[in-house]
Amino acid sequence: MTRVRVRLTFPDSLVRAPVVARLVSDFAVVPDIRRADVGAESGWIICELDGAATALDAGIAWLRAEGVTVDLLGDVLES
């Protein structure tokens with residue numbers, strides 16, 4: 001398992017979309033949300049994402065392709 005801390009920033013078009021749920025179901029990535037601020041027009045989440053390294057890479061690539069800004073915060077941890 002690998003863990004990475006990220007900040008996900010959502011544009012207004014994705015605030016109501018089930019982005020985190022799809023990350024879990026489609027990529028087997030488990031988020032541990034630490035902080036969040038989601039409003040009607042924008043939002044961000046700081047979380048730790050756990051999963052296989054390949055699943056994390058694919059999930060993060062998908063998030064970016066969907067329009068979510070993904071900022072890596074710190075080191076990637078492997079357990």
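This report looks at strand S1 and its partners, then at Arg-34 in strand S2.

First, some ground rules: this is a predicted model, where local features need pLDDT of at least 70, side-chain atom pairs count only at pLDDT 80 or more, and totals for chains, interfaces and linings use all residues. Residues are numbered from 1 along each chain as its sequence is written, and side-chain values use heavy atoms, with hydrogens and water left out.

Let's start with S1, which covers residues 2-10. Strands here are DSSP runs (E, at least two residues), numbered from the N terminus. The side chains of S1 alternate: Thr-2, Val-4, Val-6, Leu-8 and Phe-10 point to one face and are buried, meaning under 20% relative accessible area with a 1.4 Å probe, protein chains only. Arg-3, Arg-5, Arg-7 and Thr-9 point to the other face and are not buried.

S1 pairs with two strands, S3 and S4; pairing takes at least two DSSP bridges between the strands.

| Partner of S1 | Bridges | Direction | Residues standing opposite |
|---|---|---|---|
| S3 (residues 43-51) | 9 bridges | antiparallel | Phe-10 and Gly-43 |
| S4 (residues 69-72) | 4 bridges | antiparallel | Val-6 and Leu-72 |

Now for Arg-34, which sits in strand S2 (residues 30-38). Arg-34 counts as partly exposed because its relative accessibility is 47%, and that class runs between the buried limit and the exposed one, over 50%. Leaving aside residues up to four places away in sequence, Arg-34 touches Arg-5, Ile-46, Cys-47 and Glu-48 (contact means heavy atoms within 4.5 Å). With Glu-48, there's also a side-chain polar contact of 3.5 Å; such a contact is a pair of N or O atoms within 3.5 Å, and within protein one must be able to donate a hydrogen and the other to accept it, while residues adjacent in sequence count only if both atoms are side-chain atoms.
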